[in-house]
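Please find below my notes on the model, set out as numbered points that are best read beside the structure.

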Amino acid sequence: MARDDIDPTLLIKDMATRARAASAVLARETSARKASALMAAAKAIRTAEAEILNANEQDVAAARANGLSPAMIDRLLLDSGRIAAIADGVETVAGLRDPVGMVIDENLRPNGLKLSRVRVPLGVIGIIYESRPNVTVDAGILCLKSGNAAILRGGSEAMRTNRALHAALIAGITEKGLPADSIQLVPTTDRAAVGAMLVAQGMIDIIIPRGGKTLVARVQDEARVPVLAHLDGICHTYIDAAADPAKAIAIAVNAKMRRTGVCGATETLLIDQAYAHPAAVAGALLDAGCALRGDAQAQRLDPRITAASDEDWDTEYLDNICAVAFVDSVAGALAHIAAHSSHHTESIVTENAATAEQFLAAADSAIVMHNASTQFADGGEFGLGAEIGIATGRLHARGPVALEGLTTYKWLVRGTGQVRP
Ligand SMILES: NC(=O)C1=CN([C@@H]2O[C@H](COP(=O)(O)OP(=O)(O)OC[C@H]3O[C@@H](n4cnc5c(N)ncnc54)[C@H](OP(=O)(O)O)[C@@H]3O)[C@@H](O)[C@H]2O)C=CC1
Ligand SMILES: N[C@@H](CCC(=O)OP(=O)(O)O)C(=O)O
């Protein structure tokens, strides 16, 4: 039920209080019980397919009426196959190793004290994310499996679908005795609730904002709760002088065009002055339907390339548009990336192992790749089972965040009566 009538601060306080109680229960749950609850949730999602699709049809119809772009509609849209994939994902996460209680390292001190660092949940996690319904499930189950309670604030266009998916999740986990408050959905589209989450220090332990510029600006201005930022992706692909020409074309086209709306899509192509076949790369992108905006040298490659403005180097298009700049060797590429990247994902295409290692070491982003498409920036592709998203900040978890990224640790000290001199 929509709760647009309630004061957002009181709403979030009430949700966070209930989440805190649930998190205390979850932190002590066994791996087996959490896995069984997730298996029941997967089954409940499959059983509720008709209700979920019905809700999704209403969301999609409203989004179309409001003129949402085809890429955004595609992100919102569910069908039987996508619902099955969501349920499959829940089962995969159910089977993953539980990070809670994992021993990170151990140390025996000369005085006989035995120290160990052990993974523990973060507590109550608030997640603000775009209108992509699978995130409701992925975020909820990753939090639960890692012993955390989740407060989910999804994009407003997906509200009906999120409610239907959330109802199925809760039906599954409560059937196995886990608290209904383990995964809560903010029941209003009022953005004031986002503001209330950002200042709920002491009630919410960490906020994960997953979104673009408008969300970034608000988080930067208002957040008092620690933030694990999952923000925009101004990702670069650099074609080095020693790039293999076939790999250069295949990687550049895939990195930009496979899915232009995802945060791991390349937004700027950097080409070494010394690379011998730049026109072939530009031509392949243009032929694939990508508009190119280039610096003066890039414009000379093909008459279809228009002039880039300064703004283009800092733009996340999320569309079939790419900026192209020539740079002077890997040092020039690294300088451009340092000036314009959002610290998400960068890739170098080269056959020179030393240059590749230089790039891997010096590019300061959450994910740095060699001879691979930036579109691999994804928890599933990294073997993590699912992801909350790609962390772009500098805290303990960077890149795809899944179970381990949702934990912190505590020190356990085991003595035999030692006292400090
Ligand atoms: N790093 C990562 O893992 C990911 C990053 N992204 C990034 O997300 C962006 C695209 O998604 P898009 O739909 O545009 O995301 P938005 O940033 O517009 O929206 C994301 C969420 O933030 C909320 N929001 C946005 N602005 C505000 C505000 N001023 N106050 C309160 N809440 C706000 C939205 O609510 P409302 O519904 O009210 O608009 C929505 O719930 C891209 O930049 C992409 O790179 C996307 C996925 C993953
Ligand atoms: N990491 C995920 C995509 C996450 C993402 O960018 O989501 P969105 O911007 O909502 O399409 C993937 O590569 O499929």
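1. Two strands are taken to pair if DSSP finds at least two bridges between them. The model discussed here is predicted, and in it strand 12 and strand 13 (residues 367-370) run parallel and are joined by four bridges. Within this pairing, Ile-348 has His-370 of strand 13 as its bridge partner.

2. Strand 12 is also paired with strand 7 (residues 235-239), again in parallel and again through four bridges. Here the residue standing opposite Ser-347 of strand 12 is Thr-237.

3. How many of the residues of strand 12 (residues 345-349) are buried? Five of the five are, so this strand is largely enclosed by the rest of the structure. In a regular strand, the side chains alternate between the two faces of the sheet. In strand 12, Thr-345, Ser-347 and Val-349 point one way, while Glu-346 and Ile-348 point the other way, and all of them are buried. A reader following the chain may therefore wish to look at both sets of side chains, since burial applies to each residue of this strand.

4. The connection that leaves strand 12 also deserves a look, because strand 12, helix 14 (residues 353-362) and strand 13 together make a β-α-β unit that is right-handed.

5. Turning to the loops, Asp-312 is located between strand 10 (306-307) and strand 11 (321-327). Is this residue buried or exposed? Its relative accessible area is 5%, and because buried means under 20%, Asp-312 counts as buried. If residues up to four places away in sequence are not counted, Asp-312 touches Arg-293, Tyr-317 and Ala-323.

6. His-396 is likewise a loop residue, placed between strand 14 (389-391) and strand 15 (399-401). Its contacts, leaving aside neighbours within four places in sequence, are with Leu-228, Gly-405 and Thr-407. The C-alpha atom of His-396 is separated by 9.6 Å from that of Leu-406, a residue ten places apart from His-396 along the chain.

7. On the surface, Ile-104, Tyr-409, Trp-411 and Val-413 make a nonpolar patch of about 400 Å². Which strand gives the largest share of this patch? Strand 16 (residues 407-414) does, with three residues. Ile-104, for its part, is found in strand 1 (residues 103-108), and with a relative accessibility of 30% Ile-104 counts as partly exposed.

Technical notes
Residues numbered from 1 in each chain as written. Chains lettered and ligands numbered in written order. Predicted model: local features only at pLDDT ≥ 70, side-chain atom pairs only at ≥ 80, totals over all residues. Heavy atoms only, no water. Buried < 20%, exposed > 50% of the residue type's maximum accessible area, 1.4 Å probe, protein only. Helix = DSSP H or I, 4+ residues; strand = E, 2+ residues; numbered from the N terminus. Contact = heavy atoms within 4.5 Å. Patch = residues over 30% accessible without salt bridge, like charges linked within 9 Å, V, L, I, M, F, W, Y side chains within 5 Å. Areas by Shrake-Rupley, 256 points an atom, 1.4 Å probe, with all protein chains shown as cover. Salt bridge = Lys/Arg side-chain N within 4 Å of Asp/Glu carboxyl O.
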